[in-house]
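Trainee: I should like a close look at a single part of this model, chosen by you. Please begin with one residue and work outward to its surroundings.

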Amino acid sequence: MSTTTVVINVLALACFALAFAQDRAKARRALVLAFRSFLRILPAVLTVVVVIGLLLGLVPKSTISRIVGEQGGVLGLLTVASLGAVLHIPSLIAFPLAASLLQAGASITAVAVFITTLTMIGVVTLPLEIRELGAKMALLRNGLSFLAALAIGVLMGVIL
Amino acid sequence: MRGGEQQRTQAKDIRKDLFVLLLTVLVGAVLVALFPARRHLVLATAWKFLVEMALILPAVMLLMGLFNVFVPKDAVVKYLGRTAGLKAIFLGILLGALPTGPLYVAFPLAAALLKKGARVSCIVAFLSAWACIKIPQEMVELQFMGFRFMAARLLLTVFFVVIMSLVIEKAVDRGEVAGGA
């Protein structure tokens, strides 16, 4: 088990103990809520686990790195960025997917761009964003986020 | 969204997720049957990632549940209308990063805040942070991508969110914002 795993679990348990000591009813409600969100995300988690197994088990490294690796170039990056913008994957399960891509030969830049557009931009939620905040602000936010994601990815590739 | 309507869309979403899972498993089974030599690697990899998820997801869910019950959304949002300048942007990022549900919940909140007179830059920072700097999300990123990746992406994202907030505030008049008066 990694340090991160231990720290996060200890933190969660400590917070729960504190909450329980303060207000039992509320703590119990939080537990029910947590259990429900866990069940809610479970199918997506299992799907991603299967996809990761297939990806790392069947697709050769050279194929992945040709598309989203160092050789992928600008076109590869734009593809990954657009994919991240359009897909609607919960961010919590996007990270194992990203880690597996990295393991499979994708570049740090491509992976960082993918995660960033995936979380920052929502094509699926764009109509709602336009309705609530107006077209100009919504389109500007999503458009600039796309550029920012590319910049973040390129800089990550330089730093790491 | 009304309660009943929300429940119905949620039930529909769950059915969709289960269908996608079933489809993925079926496609996977066919692929593995076609390449029997790879079966072990596929299963071992899937198992490794499953264990890693199982070790961290319950804790993350518990923290989100606790936060949702103990800190009401109104309390989070109350502070956003009151500050100005760069401080408002950072406050927007900080409050947006709190573990408070999916992005579509944030849009009506943001619209209401704009109507109340909050700065555009602050709201853009709030929305962007809500979308991509959520604390539970950072925990999972730390687990799977390691500290250096997580920290570098976090710092760069904050930097670009600040710039974006300022640019969008310059570009958008209050009148053009749907929530604006």
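Mentor: Let us begin with A:Arg40, bearing in mind that the model is predicted. A:Arg40 has a relative accessible area of 23%; it counts as partly exposed because this value falls between the 20% below which a residue is buried and the 50% above which it is exposed. Its side chain meets that of B:Asp17 in a salt bridge, with an N to O distance of 3.0 Å. The rule finds one salt bridge across the interface of chain B and chain A. Over all chains, the count by this rule comes to four salt bridges. The pair of B:Asp17 and A:Arg40 runs from helix 1 of chain B to helix 2 of chain A, the latter spanning residues 24-58.

The surroundings of this pair are the interface itself. There, 77 residues of chain B are in contact with 75 residues of chain A. The two chains bury about 6,600 Å² between them, and carbon and sulfur atoms account for 81% of that area. On the side of chain B, B:Met61, B:Phe70 and B:Phe107 supply 9% of the area buried against chain A, more than any other three residues.

As to polar contacts, seven residue pairs are counted between chain B and chain A, with both partners at pLDDT 80 or more. The side of chain B that touches chain A draws at least two residues from each of helix 1 (3-34), helix 2 (39-70), helix 5 (103-115), helix 6 (120-132), helix 7 (135-145) and helix 8 (147-171) of chain B. Helix 2 of chain B gives the largest share, 23 residues. By residue class, this side of chain B divides into 58 nonpolar, 11 polar and eight charged residues.

A second place where the chains meet is A:Thr116, in helix 6 of chain A (residues 108-120). The side chain of A:Thr116 makes a polar contact with the side chain of B:Arg153 at 3.0 Å. A:Thr116 is buried, because its relative accessible area of 0% is under the 20% limit. Leaving aside residues up to four places away in sequence, A:Thr116 touches A:Ile121, A:Ala149 and A:Ile152 as well as B:Arg153.

Chain A also has an internal boundary. It is divided into domain 1 (1-58) and domain 2 (61-160). The centres of these two domains of chain A, taken over C-alpha atoms, are 25 Å apart. Eight residues from domain 1 of chain A and 10 residues from domain 2 of chain A take part in the contact. Together the two domains of chain A bury about 690 Å², of which 92% comes from carbon and sulfur atoms. In domain 1 of chain A, A:Val48, A:Leu55 and A:Leu56 lose the most area to domain 2 of chain A, together 55% of what that side buries. Between domain 1 and domain 2 of chain A the count is zero salt bridges, and it is likewise zero for residue pairs in polar contact, both at pLDDT 80 or more. The side of domain 1 of chain A that touches domain 2 of chain A is made up of eight nonpolar residues, with no polar and no charged ones.

Two further salt bridges deserve to be set beside that of A:Arg40. In chain A, A:Glu129 forms a salt bridge with A:Arg141, the closest N and O atoms being 2.6 Å apart. This pair links distant parts of the chain, 12 residues apart, since A:Glu129 lies in helix 7 of chain A (residues 126-133) and A:Arg141 in helix 8 of chain A (residues 135-159). A:Glu129 is buried, with a relative accessible area of 1%, and A:Arg141 is buried with a value of 1%.

In chain B, the side chains of B:Glu169 and B:Arg119 meet in a salt bridge at 2.8 Å, N to O. B:Glu169 belongs to helix 8 of chain B and B:Arg119 to the loop between helix 5 and helix 6 of chain B, so the pair ties together parts 50 residues apart in sequence. B:Arg119, at 32% relative accessibility, counts as partly exposed.

To return to the starting point, A:Arg40 is partly exposed and is joined to B:Asp17 by a salt bridge.

Note on methods. Residues are numbered from 1 along each chain as its sequence is written. Chains are lettered from A and ligands numbered from 1 in the order in which they are written. This is a predicted model: local features need pLDDT of at least 70, side-chain atom pairs count only at pLDDT 80 or more; totals for chains, interfaces and linings use all residues. Side-chain values use heavy atoms; hydrogens and water are left out. Helices (H or I, at least four residues) and strands (E, at least two) are DSSP runs, numbered from the N terminus. Buried means under 20% relative accessible area, exposed over 50%, partly exposed in between (1.4 Å probe, protein chains only). A polar contact is a pair of N or O atoms within 3.5 Å; within protein, one must be able to donate a hydrogen and the other to accept it, and residues adjacent in sequence count only if both atoms are side-chain atoms. Contact means heavy atoms within 4.5 Å. Buried area is the accessible area (1.4 Å probe) that two parts lose on being put together, summed over both. Ala, Val, Leu, Ile, Met, Phe, Trp, Tyr, Cys and Pro count as nonpolar, Asp, Glu, Lys and Arg as charged, and the others, Gly among them, as polar. Domain bounds come from an automatic or database domain assignment.
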